[in-house]
Amino acid sequence: PTAQSADTRQHLYATALRLVAERGYAATTLREIAHEAGVSVGLLYRYFPNKQAVLLALYDELSADFAGQAAGLPMGRWRDRFMVALRTSLSALAPHRVALQGLTPVLVADPTDGVFAPGTAFSRHRVQQVFVQAVVDASDAPKAALAAALGRVLYLVHLGVLLWWLLDRSRGQRATEALVGRIAGMLPSASLALRLPSLGAFVVGLDALVSEALIGDAPGTDASVR
């Protein structure tokens with residue numbers, strides 16, 4: 001692609017995100033995006049043939065930004081590495097909070113375009129892998145199967161915090177900072193509790209249930225593709 005082509009795509013992309021933030025995903029049409037951007041609908045279709053393509057571009061951009069910022073987590077305990085990854089995610093998403101608020105219903109509830117949709121699998125795996133590695137490469141990492149399962153469960157905890165952050169109406173999202181602090185305070189106890197075989201089995205079982213319910217993996221599917 002030429003520099004002009006890249007600039008055109010970025011202009012259309014930014015316009016689409018702005019309209020989604022203002023009107024919501026369902027109420028925004030490609031024709032309106034083209035009109036607002038000052039281009040023909042045909043030109044818009046060359047770059048974004050549907051609204052899903054805009055979402056996929058957003059997922060890819062945000063996941064790449066996060067993975068880049070989270071590269072090289074400091075060595076240490078898994079709970080400390082998790083907190084660094086969680087705060088890095090919030091920081092990476094902060095510039096896009098308004099657009100993400102407009103997309104919240106789609107991100108959470110739409111099985112075709114949302115966080116757990118098949119089309120977003122690559123971006124989802126890219127982010128999830130950061131949390132898995134935060135546990136697997138930690139100085140106090142549990143055994144391999146439990147470590148990977150725990151990383152995926154922590155990825156879901158991270159998604160819950162992001163949803164809270166998007167809905168947070170407190171000044172400067174102070175409630176989100178308080179929630180993150182409470183999670184950090186609970187992790188030392190969770191780390192000790194993981195030494196109990198029963199809790200380890202619970203985490204592995206929860207990981208399998210979440211995979212089947214939200215991602216659609218059949219029992220026995222190789223977890224490496226999630």
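These legends go with five close-up views of a predicted model.

**View 1. The largest pocket, with a volume of about 560 Å³.** Here we're looking into a space lined by 25 residues, with Tyr59, Leu107, Val115, Leu159 and Leu162 nearest its centre. Several helices chip in: helix 4 (51–70), helix 5 (78–93), helix 6 (97–109), helix 7 (121–136) and helix 8 (144–167) each bring at least two residues to the lining. Helix 8 has the largest share, with 8 residues. Sorted by class, the lining comes out as 17 nonpolar, 7 polar and 1 charged residues.

**View 2. The second largest pocket, at about 300 Å³.** This one has 16 lining residues, and those closest to the centre are Trp78, Leu154, Val157, Leu187 and Ala190. Helix 5 and helix 8 turn up here, along with helix 9 (174–193) and helix 10 (197–215), as the elements giving two or more residues to the lining. The largest share is from helix 9, which supplies 5 residues. As for class, you'll find 15 nonpolar residues, 1 polar and no charged ones.

**View 3. Helix 1 crossing helix 2.** The axes of helix 1 (residues 3–23) and helix 2 (residues 30–37) come within 9 Å, crossing at roughly 120°. That angle is why helix 1 counts as oblique to helix 2. The crossing is right-handed. On the helix 1 side, the contact uses His11, Leu12, Thr15, Ala16, Arg18, Leu19 and Arg23, while helix 2 answers with Glu32, Ile33, Glu36 and Ala37. It's a mixed bag by class: 5 nonpolar, 2 polar and 4 charged residues.

**View 4. The largest cavity, holding about 60 Å³ of space.** The model has 2 cavities of 30 Å³ or more. In the largest cavity, 10 residues form the lining, and Gln128, Arg152, Asp207, Val210 and Ile215 are the closest to the centre. Helix 8 and helix 10 are the elements that give two or more residues. The lining splits into 5 nonpolar, 2 polar and 3 charged residues.

**View 5. The second largest cavity, with about 40 Å³ of space.** Its lining is made up of Leu17, Val20, Tyr25, Ile33, Lys51, Val54, Leu55 and Leu103. Helix 1 and helix 4 each give two or more residues, and helix 4 gives the most, with 3. By class, that's 7 nonpolar residues, no polar ones and 1 charged. Keep an eye on Ile33: this residue lines the second largest cavity and also belongs to the helix 2 side of the contact in View 3.

Conventions. Residues are numbered from 1 along each chain as its sequence is written. This is a predicted model: local features need pLDDT of at least 70, side-chain atom pairs count only at pLDDT 80 or more; totals for chains, interfaces and linings use all residues. Side-chain values use heavy atoms; hydrogens and water are left out. On a 1 Å grid over the protein atoms alone, a cavity is a set of points where a 1.4 Å probe fits but cannot get out, and a pocket is an open set with protein on both sides within 12 Å along at least five of seven lines; lining residues have an atom within 4 Å of a point. Grid points are joined across faces, edges and corners, and a volume is the space filled by probe spheres set on the points. Helices (H or I, at least four residues) and strands (E, at least two) are DSSP runs, numbered from the N terminus. Ala, Val, Leu, Ile, Met, Phe, Trp, Tyr, Cys and Pro count as nonpolar, Asp, Glu, Lys and Arg as charged, and the others, Gly among them, as polar. Axes are lines fitted to C-alpha atoms, for helices over the stretch in contact, and angles run from 0 to 180 degrees between N-to-C directions. Angles under 35 degrees count as roughly parallel, over 145 as roughly antiparallel, 65 to 115 as roughly perpendicular and the rest as oblique. A crossing is left-handed if the near helix is turned anticlockwise from the far one by less than a right angle, and right-handed if clockwise. Contact means heavy atoms within 4.5 Å.
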